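Please go through the structure below with its sequence at hand, since the paragraphs that follow move from side-chain pairs at the surface to strands and helices.

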Amino acid sequence: LELIRHRGASAVVPFLDDPKGPNPTVVLVYQYRYAAGGFVYEIPAGIPADGESWEECARRELEEETGYVADSLTPLSSIFTTPGFTNEEIHLFQGHGLRRGAVSRDEDEFLEVVELPFSKVMEMVGDGVIRDAKSLTGILLADRLRREGT
């Protein structure tokens, strides 16, 4: 049995506009991933610093990767990424009330910030363009919140 132990992570589906609006804008990152062998569309995510809560981690990663700060984060769920070989658990949030902050990327992060209408993001999900599991789950849970009007 091979097992990779992971301390967990947080990720956020960030909306530039009111997420309940007709077609709000979502902020994604288009990031180079060595394991995937190319660029992947993702929601901002990362691992917590020592003593940092899951929400604090999501807020920090959002700002570091995209340059946006969220006024509000709503918990969506937590997921096991690949329970067959790792205990990694990612805590998913929806963010809104975004305002400009400061980008502060790691030296090995190669990414582009992409702002897209939610309808386009859902099209990318359906067409298999967005393939990252945390991003798919977060986007679909955010869509559920939108449809429920909560």
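Here a residue counts as buried under 20% relative accessible area, as exposed over 50%, and as partly exposed in between. Because glutamate 55 has a relative accessibility of 31%, this residue is classed as partly exposed. The model in view is a predicted one, and the accessibility classes used below are all read from its coordinates.

Glutamate 55 is a useful place to begin, as its side chain meets that of arginine 59 in a salt bridge, with 3.2 Å from N to O. Both residues belong to helix α1 (residues 54–66), where they are 4 residues apart, about one turn of the helix. Arginine 59 is itself partly exposed, its relative accessible area being 29%. In general terms, side chains of opposite charge can pair when their charged atoms come close. Another such pair joins glutamate 52 to arginine 60, whose closest N and O atoms lie 2.8 Å apart, and arginine 60 is likewise partly exposed, at 21% relative accessible area.

A similar spacing is found in helix α3 (residues 133–148), which holds both aspartate 143 and arginine 147, 4 residues apart and thus about one turn of the helix. These two form a salt bridge in which the closest N and O atoms are 3.1 Å apart. The partners fall into opposite classes of accessibility: aspartate 143 counts as buried at 14%, whereas arginine 147 is exposed at 63%. Elsewhere, Arg33, Glu42, Asp132 and Lys134 are linked in a network of salt bridges, and the count for the model comes to 11 salt bridges.

From charged pairs we turn to the strands. Strand β6 (residues 89–100) is joined to strand β1 (residues 9–14) by 6 bridges, and these two strands run parallel; within this pairing, proline 14 has glycine 95 of β6 as its bridge partner. Strand β5 (residues 68–80) is joined to β6 by 11 bridges, but in this case the strands run antiparallel, and proline 75 stands opposite phenylalanine 93 in β6.

Which side chains surround glutamine 94, leaving aside its neighbours within four places in sequence? Glutamine 94 is found in strand β6, and it is buried, with a relative accessible area of 5%. Its contacts include Val12, Val13, Phe15 and Pro19, then Ser72, Leu73, Thr74 and Leu76, and also Ala142 and Leu145.

Helix α2 (residues 118–126) has Phe118, Val121, Met124 and Val125 as its buried residues. They cover an arc of only 115 degrees around the axis, which means that they lie on the same side of α2. The cover over these buried residues includes the strands β2 (25–33), β3 (38–42) and β7 (111–117), together with α3. After α2 comes glycine 128, which has a positive phi near 80 degrees.

The last feature lies at the surface, where Tyr34, Phe39 and Phe110 make a nonpolar patch of about 370 Å². Tyrosine 34, one of these residues, is found in the loop between β2 and β3, and with a relative accessible area of 60% it is exposed.

Note on methods:
Residues numbered from 1 in each chain as written. Predicted model: local features only at pLDDT ≥ 70, side-chain atom pairs only at ≥ 80, totals over all residues. Heavy atoms only, no water. Salt bridge = Lys/Arg side-chain N within 4 Å of Asp/Glu carboxyl O. Buried < 20%, exposed > 50% of the residue type's maximum accessible area, 1.4 Å probe, protein only. Arc of directions from axis to C-beta. Contact = heavy atoms within 4.5 Å. Pairing = 2+ DSSP bridges. Patch = residues over 30% accessible without salt bridge, like charges linked within 9 Å, V, L, I, M, F, W, Y side chains within 5 Å. Areas by Shrake-Rupley, 256 points an atom, 1.4 Å probe, with all protein chains shown as cover.
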